[in-house]
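Reader: I am beginning to study protein architecture and would be grateful for a guided reading of one model. May I put some questions about it?

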Amino acid sequence: MNIVVYAGDNKYYKALLPIVLEIKKRNHNFLFLYSEETHLKYPHQKEYFSYDGRFPQELQAVGSSTLGLNLPFKPDVLILARERWQPEQSIIREFKESFGAKICLVEVSSHLLNNIENRLEMLSRMNYPQNLVDYFFEHSEFAKERRLDCMEESYRDKIVVVGNPRFSDIKLHNNLEKYNINPNKKKILFWGVINTTRNIAFDALNELAKKTKDTHQIFYKCYPGEPLNERFAHQFNPFVVDDVQVVYDEDDIFDIASICDTHIGQISSVFNFAFYFNKKIVNLD
């Protein structure tokens, strides 16, 4: 097969890299276009992108306007990990309508609870061009059934359970000097919240920081785009909660997760980090 894999920032790069490594093992022709920047980049920002690939010279190149380059082949498959925003929506549309490619979406989060926001996210997949996605690569059978609770039964055959690829190639860098780790304190990792409970979560974090300042060091893992979002930017630099360090760099998250005794967050795939390192979990309910 001729496969194109696209990742616009470090988060999606980390999620898709294990899949690319497997594509290499199976000797498929492929092009992996990716950015390792923490904040999302667009394909026309070429200085932020790199590529990897295997493509014999005899294949016929085709032009892609959304990626702004000539592909080394006509793609059979497009694999990405984001579908509800630009530029991925335009990329999906081009690859389906111009090239006739199969579109495969790798889930980066586990759908475990059906609140109104999760239901609306799933319903949006029935809109164009999200409805051009042919297959969804899901983390677990349970997560698959929770998504299907919100969608038409016709989506059942489109959802393929493959596990969470991000946890198949874990490497610790042990490069945390910038965080001034205090060896005499226990450590807490507080996972960011950007839904309607955000302000309540910050109130809880502020109270926690006050009560544990003598015994614990607290880290806040923000979403990659959170500090730049116009709704949230005012809460950073300085961070809205005193004595809490923000983890901005996606490359640091496994190392931070490994040293924190307690992980606090909303029930989702972020708890995979705590499961992997055998840490205490507190559900932010």
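Reader: In which sense do strand 2 and strand 3 pair?

Author: In this predicted model, strand 2 covers residues 29-35 and is joined to strand 3 over 6 bridges. One of the pairs links Ser35 with Phe49 of strand 3. The sense of the pairing is antiparallel.

Reader: Why is one side of strand 3 and of strand 9 left without a neighbour in the sheet?

Author: The sheet is open, and its 7 strands follow the order 3-2-1-6-7-8-9 with mixed pairing. Strand 3 (49-54) and strand 9 (159-161) each have a single partner strand, so one side of each has no neighbour in the sheet. The reason is therefore their place at the edges.

Reader: What angle does helix 2 make with strand 6?

Author: Helix 2, residues 88-97, packs on the sheet and touches strand 1, strand 6 and strand 7. Its direction and that of strand 6 (77-80) make an angle of about 165°.

Reader: Which element supplies the largest share of the largest nonpolar core?

Author: As a general tendency, nonpolar side chains in soluble globular proteins are buried together. The largest nonpolar core here has 26 residues, and Leu67 and Phe95 are among those with the most contacts inside it. Strand 1, strand 2, strand 6, helix 2, strand 7 and helix 4 each supply at least two of its residues. The largest share, 3 residues, comes from helix 2.

Reader: Is Arg125 buried or exposed?

Author: Arg125 is placed in the loop between helix 3 (116-123) and strand 8. Beyond its neighbours within four places in sequence, its contacts include Glu83, Glu107, Phe136 and Arg147. A residue counts as buried under 20% relative accessible area. Because its relative accessibility is 5%, Arg125 is buried.

Reader: Which strands stand at the edges of the sheet with the order 12-11-10-13-14?

Author: This open sheet is formed by 5 strands in parallel pairing, and its twist averages 25° from one strand to the next. Each edge strand pairs on one side only. The edge strands are strand 12 (244-247) and strand 14 (280-283).

Reader: Which residue of strand 14 is the bridge partner of His263?

Author: Strand 13, residues 262-265, runs parallel to strand 14, and 4 bridges join them. In strand 14, the bridge partner of His263 is Ile281.

Reader: At what angle to strand 11 does helix 5 run?

Author: Helix 5, residues 198-212, lies across strand 10, strand 11, strand 12 and strand 13. Relative to strand 11 (216-221), helix 5 runs at about 160°.

Conventions: Residues are numbered from 1 along each chain as its sequence is written. This is a predicted model: local features need pLDDT of at least 70, side-chain atom pairs count only at pLDDT 80 or more; totals for chains, interfaces and linings use all residues. Side-chain values use heavy atoms; hydrogens and water are left out. Two strands pair if DSSP finds at least two bridges between them. Helices (H or I, at least four residues) and strands (E, at least two) are DSSP runs, numbered from the N terminus. Contact means heavy atoms within 4.5 Å. Axes are lines fitted to C-alpha atoms, for helices over the stretch in contact, and angles run from 0 to 180 degrees between N-to-C directions. Buried means under 20% relative accessible area, exposed over 50%, partly exposed in between (1.4 Å probe, protein chains only). A nonpolar core is a set of buried Ala, Val, Leu, Ile, Met, Phe, Trp, Tyr and Cys residues joined through side-chain atoms within 4.5 Å.
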